[in-house]
Amino acid sequence: MARLNKKILCFIDECGTAGQPNFALGCVMLWARDAGRTDKSLSDLLEPNVNELHAAGLQHEYLQSLLARFAQTETPNGMVMLNRLGTSTVGTAPQIYANDVVEAVKIAAKQFRNENNIRDRNIGNVELILDRNEQNTHPDFMSAIATAQKRDGRFRAVTHATQIDSAASRMLQLADVVAYARMWIRRGEENAEGLRQNYRIRVV
């Protein structure tokens, strides 16, 4: 099956520590051509003095209001926001982190195909962008990602993986908020269906 080579961006951030209970990843996947407009849509909802969103430091009422308003903006219909609980338990912390990233990207890629009605081709040319930290810059992490790019099903669509400071990207900051939404479920403040209906966040 031929691959669709239009560029796709996949932003991932985490909540918690890889290998520990309740570790979750937030994933935002969208066409590269839509990233600038989506970034502006989110930025326009923030107060002028907000330089960077850190979900853990903000009240959940504020974050839920922000996500609800963002869901009502002209965001791309085909954009996927995914919250996935970590399930990997084998290996070093960076290897566990990498394995969970691989599975999250594969799930997001399948949903992205469905959302964008891509029926006759696999998606390709996905750039994976992560919030830089000690685990996802470790050689064990990079090795696991490189192996998955060669061998692991839908993850082979990832052509490049990079780590940047989340301060440089609103979409990484959005991925942070999407990851943190798992805390609302844990505390009984939201459920998976509520996250999907109210904020367009899929929970797996």
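Is Asn-22 buried, exposed or partly exposed? In this predicted model, Asn-22 comes out as partly exposed, because its relative accessibility is 32%. The residue sits in the loop that runs between β2 (8-15) and β3 (24-31). Its backbone is a bit unusual too: phi is positive, at about 70°, even though Asn-22 is not a glycine. For context, most residues other than glycine have a negative phi.

Arg-200 tells a similar story further along the chain. Here phi is about 65°, again positive and again without a glycine to account for it. Arg-200 belongs to the loop between α6 (192-199) and β8. With a relative accessible area of 25%, Arg-200 is partly exposed.

Next come the helix pairs. Two packed helices are described by the angle between their axes and the distance between the axes. For helix α2 (residues 60-71) and helix α5 (residues 170-186), the axes come within 11 Å and cross at roughly 125°. The two helices are therefore oblique to each other, and α2 goes past α5 in a left-handed crossing. On the α2 side, the contact is built from His-60, Leu-63, Gln-64, Leu-67 and Phe-70, while α5 supplies Leu-174, Val-177, Tyr-180 and Trp-184. Sorted by class, the residues of this contact are 7 nonpolar and 2 polar, with no charged ones.

The other pair to look at is α3 with helix α4 (residues 139-151). These helices pack at an angle of about 30°, and their axes are 7 Å apart. The crossing of α3 and α4 is right-handed. From α3, the residues making the contact are Pro-94, Gln-95, Tyr-97, Ala-98, Val-101 and Val-102; from α4, they are Asp-140, Phe-141, Ala-144, Ile-145 and Ala-148. That gives 9 nonpolar residues, 1 polar and 1 charged in the contact of α3 with α4.

Then there are the charged pairs. Side chains of opposite charge can pair when their charged atoms come close. Searching the whole structure turns up 9 salt bridges. One of them joins the side chains of Asp-44 and Lys-40, with an N to O distance of 2.7 Å. Asp-44 is out in the open: its relative accessible area is 52%, so Asp-44 counts as exposed.

The salt bridge between Asp-100 and Arg-84 has an N to O distance of 3.6 Å. This pair ties together distant parts of the chain, since Asp-100 is in helix α3 (residues 93-115) and Arg-84 is in strand β4 (residues 80-85), 16 residues apart. Both ends are hidden from solvent-probe contact by the usual threshold of under 20%: Asp-100 is buried, at a relative accessible area of 1%, and Arg-84 is buried as well, at 11%.

Arg-202 and Glu-115 also meet through their side chains in a salt bridge, at 2.3 Å from N to O. This is another link between distant parts of the chain, with Arg-202 in strand β8 (residues 201-203), Glu-115 in helix α3 and their positions 87 residues apart. The two ends fall into separate accessibility classes: Arg-202 is buried, with a relative accessible area of 19%, whereas Glu-115 is partly exposed, with 34%. Finally, salt bridges that share partners bring Glu-103, Lys-106 and Asp-152 together in one network.

How values were computed: Residues numbered from 1 in each chain as written. Predicted model: local features only at pLDDT ≥ 70, side-chain atom pairs only at ≥ 80, totals over all residues. Heavy atoms only, no water. Axes fitted to C-alpha atoms, helices over the stretch in contact; angles between N-to-C directions. Helix = DSSP H or I, 4+ residues; strand = E, 2+ residues; numbered from the N terminus. Parallel < 35°, antiparallel > 145°, perpendicular 65-115°, else oblique. Left-handed = near helix turned anticlockwise from the far one by under 90°. Contact = heavy atoms within 4.5 Å. Nonpolar A, V, L, I, M, F, W, Y, C, P; charged D, E, K, R; others polar. Salt bridge = Lys/Arg side-chain N within 4 Å of Asp/Glu carboxyl O. Buried < 20%, exposed > 50% of the residue type's maximum accessible area, 1.4 Å probe, protein only.
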